[in-house]
Amino acid sequence: SMVYGTGGFTAVLCVEKLEQMGASPAAGLVAVTGATGGVGSFAGALLAKLGYSVAAVTGKSSEHARLMDLGADEILGREELLDENGKALAMRKPRFANAIDAVGGEYLASLLNVLSYQGSVSCCGLAASHLLNTSVMPFILRGVNLLGVDCVELPLARKEATWQQIAGEMKIVELDRMATEIALTQVPERLALMAAGKSSGRYLVNLH
């Protein structure tokens, strides 16, 4: 469970929310933004394990092989979700059945505009921005769902039920591929990499 941490736990909640709204592998491609991050890497691996086709969205071209290894079916550069001015795409032909977004901002606004009819996006992060610039159009023309995901205020009984799921049908076997173990002394350098957007995956701090 240490490798799962808050990121893995949140990814499970994101998938659960999509499925509560009727998501299924048969519906089509699921986009995952921030695909190399703590939530995103788990979300992608979890969706793949459950039989979904995954489109991993990342700005890190060096991570493509790793994302494919974790189960991604296709990889999109972040620029594919933005227009030439770095803003959200206008409403257009749907591209994804559902999505998990850990990035926020213009990326989330874009996802809403390219979701299939009655598609959903689980929203759990703000790596790009906490602001969401959107219109009611995707909601009233395509009936899309914006699903908020929180793991902090979640009632304890609900947390326990989710951990039981993580031990069961949502268990990821290849956990060693999900995290890199580091010593406490390495934390500052890894944090600097994270702040610079140059880290990927999860780090497990060995306190011994």
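The following paragraphs describe helix packing, enclosed and open spaces, aromatic pairing and selected residues in a predicted model. Residues are numbered from 1 along each chain as its sequence is written, and side-chain values use heavy atoms, with hydrogens and water left out. Because the model is predicted, local features need pLDDT of at least 70 and side-chain atom pairs count only at pLDDT 80 or more, whereas totals for chains, interfaces and linings use all residues.

Helices (H or I, at least four residues) and strands (E, at least two) are DSSP runs, numbered from the N terminus. Helix H1 (residues 5-20) packs against helix H6 (residues 156-167) at an angle of about 95°, the axes being 11 Å apart; axes are lines fitted to C-alpha atoms, for helices over the stretch in contact, and angles run from 0 to 180 degrees between N-to-C directions. H1 and H6 are therefore roughly perpendicular to each other (under 35 degrees counts as roughly parallel, over 145 as roughly antiparallel, 65 to 115 as roughly perpendicular and the rest as oblique). On the H1 side, Gly-5, Phe-9, Val-12, Leu-13, Glu-16 and Gln-20 are in contact (heavy atoms within 4.5 Å) with Arg-158, Lys-159, Thr-162, Trp-163, Gln-165 and Ile-166 of H6. By class, this contact of H1 with H6 comprises five nonpolar, four polar and three charged residues, where Ala, Val, Leu, Ile, Met, Phe, Trp, Tyr, Cys and Pro count as nonpolar, Asp, Glu, Lys and Arg as charged, and the others, Gly among them, as polar.

Spaces were located on a 1 Å grid over the protein atoms alone: a cavity is a set of points where a 1.4 Å probe fits but cannot get out, a pocket is an open set with protein on both sides within 12 Å along at least five of seven lines, and lining residues have an atom within 4 Å of a point. Grid points are joined across faces, edges and corners, and a volume is the space filled by probe spheres set on the points. The structure holds one cavity of 30 Å³ or more, and the largest cavity encloses about 70 Å³. Its lining divides into eight nonpolar, four polar and no charged residues, with H2 (38-49) and strand S2 (54-58) each supplying at least two and H2 giving the most, four residues.

The largest pocket holds about 760 Å³ of space; of the 37 residues that line this pocket, Gly-37, Gly-38, Lys-60, Ala-127 and Ser-199 are the closest to its centre. The largest share of the pocket lining, four residues, comes from H7, and the lining as a whole has 16 nonpolar, 16 polar and five charged residues. Lys-60 lies in the loop between S2 and helix H3 (64-69) and, leaving aside its neighbours within four places in sequence, is in contact with Thr-36, Gly-197, Lys-198 and Ser-199. The C-alpha atoms of Lys-60 and Lys-159 are separated by 32 Å.

Three aromatic pairs were counted, under the rule that rings of Phe, Tyr and Trp (its six-membered ring) pair if their centres lie within 6.5 Å, with planes under 30 degrees apart counting as stacked, over 60 as edge-to-face and the rest as tilted. The rings of Tyr-4 and Phe-42 have centres 4.7 Å apart and planes at 40°, so this pair is tilted.
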